[in-house]
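Let's take a walk through this structure together, one stop at a time. Have the sequence and the 3D view ready, and follow along.

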Amino acid sequence: MLHIHALTKRFVAENEVVCAVDGLSLDVQPGEVYGLLGPNGAGKTTTLRMVLGLVVPDDGYTEVAGVRTSVDPFAAKSKLGFVSASDGVYPWLSVREMLLYFADLYGVSPDEAVERLKMLADVMDIKALLDRRAGTLSTGQRQRVTLVRGLIHDPPVMLLDEPTRGLDVVGVQTIFRYIAHLRQVGKAVVVCTHRLDEAERLCDNFGLLHRGKLRYHGTLSALREASGRQHLVEMFDDLMNPSSALNETNA
Amino acid sequence: MKLSWSRLARLSRKELRETLRDRRTILTLVMMPLLVYPLLSMALNRFLISSGGPGETGFVVGVATADESDWLQSLLNDPRSAPPQSVQDASGGNLAEFKVVVTDAIEPNEALLDNQLDVAAKVEIANNEPSAITITAFAGDQASQSARRILIERLHWLKLEDTVGILKRVVPSFTSFEINTTEIGERPSGNVLASIIPLVLVLMTITGAVYPAIDLTAGERERGTMEALMASPVPRWWLLLAKYVAVVSVALLTAVANLGAMFTTLSLTGLMPMLAGEGAGLGLKEMSLIFLLLVLFSAFFAAVLLSLTSFARSFKEAQAYLIPVMLLSLAPAMLSLMPGIGLDGALAVAPLLNIVLLAREILADNVHVFGATLAIASTVLYAVAALAIAAKLFGNDAVNRTSDASIGSLFKRPAQSTLRPTIGEAGMVIALLLPVSFVVSNALMQWVRSQEGAVDVAFQLTLNAFALIAAFGLIPWFATFLGRHRYRSTYRLERTSLGFYLGAAVMSLGAWAFAHEALVLADQWGWALLSEDQIERTRGVLDKWKTISPLVLLATMALTPAVVEELCFRGYLFSAFSSVLRPWQTIMTTAVLFGLFHVFVGSALLIERFLPTTLLGILLGWLAYRSGSVLPGMLLHFLHNGLLEMVARYHEKLSFLGADMESSRHLPPMWLAVTGTCMVLGIAIVWWTRPQDRYAR
């Protein structure tokens, strides 16, 4: 459903070329939750921004449901849902107005949008919030509204950027439920996070990203086998440490 | 996804809703007009009261005794103290009234300091006659200074009449000369302060537009909604257009609120006649015209604001950009208050200044059509250019907080070439074309005039051709180069079927005659705006044509326009518009632009050229669409212009064909029948030739 091939992005910072993403390739199938993991600055967000068409890659390409982003960016964008922890709301609009606005942006007809909103409001428990001004919502309520916004146009591929950042236990549980729902309805999901413990519980497949390069990818059991480590945290420790077993294996 | 009007309305409604619910908008929209005008009118009232005019009972002169009062009153009541009628007429026909009062309790000078009087006077009496009169005025008060000046003048007139009378009795041959006054030039209607009205409205409209412009652009970044917006499958310029509609709407609402508050305050406080002159005032007509002007101004300024705020990453940054711009925009507006500055020359295309000057002309009921049209057209184009810049900046990764890309990267040539320019780039090109072609052609005319006939016609025509290349050739070329668009697809330099060339050639045999007839009809129906002087000059130019080689005429007036204008209108602009508009919309848009650019010629407004040129533009656009190429249009354009010029040059020699054009100016019916048949045949050939499917591919 989501196919990323040799995606590369370089930036110039202080007269030095930095490769933020270096030849990244991966595939995510319908109903699969893929965890793109890495420390801060590993290139996770840049990867998502390239998939979303917000940043033009220097090399490589992305295909969303068979549509190449570089060939038809709007068709590709319409098949993507995107949720980020830093997402804001329009404070002076009601939740309903805001969500219907986004449905309109994605070309969902007004009648269909109302139906979809009704269904998603039930799933994410925001029915009581629909006519409230978005500026008055609490952090948790705002998060649920944002999650509904990402799904309002029923995209086959969902991208989640650090979805649990800044949330309390209840908020994190909501995210877990949300991702379970996405898996259940057959979406291809990419979750970018540095919370490895959460990723272990959430994802089916993993990609370990370090300095723009995908160092390892596969299921958790395959990863354990290759690294000889039990948990993702330990594997990451090895990755950051040049003399680690995993690095030796990769070399 | 195509942008439909209903979708644009829905997107704009969301922006408007968001803005209008914000209390900061309401503050500028409602509170400002409610507070500003009453306060302003109070300040104006004080200013006008102390600005030199007498009070309701006239100027008050204070003296110490009843005797002095009687003397001074009698001197002022003497009809000989009034200036001659012509002098009175020159100052509005009114004779200032003076009321002499005795300040019983206190000294006149103290009463003057106490603001009870306009001037104090001391009349010294010797031999039962006044021997000296001392007049004291208040140094810092305009009314007091005026009262003293007028009082001295009145007493001088009386002394003069006395002296002349005595002289005439003593020297009977003495004759005194008369003083008469006349005036030339236009007397401004009402007070100079009338110019302040449009200025205040313009400033208030700016105030209304500033907050929504920041909130809807930089605010998106600050709220964290920008990324979600940019990730949606909607072109940036759609989003920006919706925001633009919202900002213009709020600016207009502010304008209406201000216009209403100003009108009400001025009417209620009685300041209207003082500001706008006796009998004048803001009538319904003036109000409507000023409102339309404010629509234009809002459209312009909203675009400028959006282009700046789209660049900002935060509210604070946007405010930092806008404050200097608002102060800068005050400069041309203040300049417009100066006398002697009119809506002509380069000022007609000077942004902002031209609108305030036009407002001044409207209030003075003295609108010059050419300057007004140029001001309106250039303002619309500037708005388009500013919007194009805003669309490039809005949501751009280089402007994002999280991006490492530099702002400079926005203006670099892209690494990969593209097939055609964007609509925003086309907007920029159009906005540049008008002022550049206006300035270049006017500078050229000025130079030719300064040579006083030393420049021969052939050289003049060659210069004109170069001016055309400089504006309509080089600007689109540079834009194509800068945007790294492929020349062949941008200019639609494609090979096409022979049938289109044949059709173009046959059509041209008929098209010129229709252009000729349309011009003659426009002239006969009084649409032409040329003065007798200009018509005479045009005849002179046509006569001069007969003296030069037909080859020069064809090269400069047919070949150059055919190549340059086709590359610009049916090449660059056609390919840019074709990416977002339907074929017929592209044909009509390029044709109307083609027509409009032919209306502004030098310093004249040739409205009669609009219809025939637009019709020709439609024909050329249709041909360009069917053939998928700019080349057959070039042939049609060249033959059309060439035939028109050859008929103008040789029409005396064409009488053998029954062309008695000198008397009727219309073409003979036989000619019309033949050319009409050619036209239909040409269209039929193009119609039956297999179309090339190259539209927006």
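Start where the two chains meet: Arg21(B) makes a salt bridge with Glu97(A), and the closest N and O atoms sit 2.7 Å apart. This link runs from one chain to the other, with Arg21(B) in helix H1 (residues 5-21) of chain B and Glu97(A) in helix H3 of chain A. Arg21(B) has a relative accessibility of 34%, so it counts as partly exposed. Keep in mind as you look that this is a predicted model.

Stay with those two helices, and you'll find another salt bridge, this one between Asp104(A) and Arg7(B), with 3.5 Å between the closest N and O atoms. Here too the pair crosses between chains, from helix H3 of chain A to helix H1 of chain B. Are these two residues buried or exposed? Asp104(A) counts as buried because its relative accessibility is 8%, under the 20% cut-off. Arg7(B) is buried as well, at 7%.

Now move into chain B. Arg223(B) pairs up with Asp215(B) in a salt bridge whose closest N and O atoms are 3.2 Å apart, and both of these residues are buried. They don't stand alone, either: a network of salt bridges links Arg223(B) and Asp215(B) with Lys14(B), Glu15(B), Glu18(B), Glu220(B) and Lys243(B). Over all chains, the structure holds 29 salt bridges.

Chain B also has something to show on its surface. Look for a nonpolar patch of about 770 Å², made by Ile26(B), Leu27(B), Val30(B), Met31(B), Leu34(B), Leu35(B), Leu39(B) and Met42(B). Take Met31(B) as your landmark: it lies in helix H2 (residues 23-49) of chain B. With a relative accessible area of 39%, Met31(B) is partly exposed.

Back to chain A, which has ten helices and ten strands. Of its 251 residues, 53% count as buried. Its accessible surface comes to about 10800 Å², and 49% of that belongs to carbon and sulfur atoms. If you take the contacts in chain A between residues at least 6 apart in sequence, 68% of them join residues at least 24 apart.

For a stop inside chain A, find strand E9 (residues 205-210). Why is this strand described as largely enclosed by the rest of the structure? Six of its six residues are buried, so the rest of the structure largely encloses it. Both faces are covered: Asn205(A), Gly207(A) and Leu209(A) are buried on one side, and Phe206(A), Leu208(A) and His210(A) are buried on the other.

What does E9(A) pair with? One partner is strand E3 (residues 33-37) of chain A, which runs parallel to E9(A) over four bridges. Another is strand E10 (residues 213-218) of chain A, paired in the antiparallel sense over five bridges. Gly207(A) is a handy spot to see both pairings: Leu36(A) stands opposite it, and His217(A) in E10(A) is its bridge partner. E9(A) and E10(A) form a hairpin with two residues between the strands, where Arg211(A) takes a positive phi near 50°.

Last, how confident is the prediction for chain A? The mean pLDDT of chain A is 85, with 94% of its residues reaching 70 or more. Within chain A, confidence is highest in helix H3 (residues 95-105), at a mean of 93, and lowest in helix H10 (residues 245-250), at 50.

Key: Residues are numbered from 1 along each chain as its sequence is written. Chains are lettered from A and ligands numbered from 1 in the order in which they are written. This is a predicted model: local features need pLDDT of at least 70, side-chain atom pairs count only at pLDDT 80 or more; totals for chains, interfaces and linings use all residues. Side-chain values use heavy atoms; hydrogens and water are left out. Buried means under 20% relative accessible area, exposed over 50%, partly exposed in between (1.4 Å probe, protein chains only). Two strands pair if DSSP finds at least two bridges between them. Patches are made of residues with over 30% relative accessible area and no salt bridge: like charges are joined within 9 Å, nonpolar side chains (Val, Leu, Ile, Met, Phe, Trp, Tyr) within 5 Å. Accessible areas come from the Shrake-Rupley method with a 1.4 Å probe; for residues, only the protein chains shown count as cover. A salt bridge is a side-chain nitrogen of Lys or Arg within 4 Å of a carboxyl oxygen of Asp or Glu. pLDDT is the predictor's confidence in each residue, from 0 to 100. Contact means heavy atoms within 4.5 Å.
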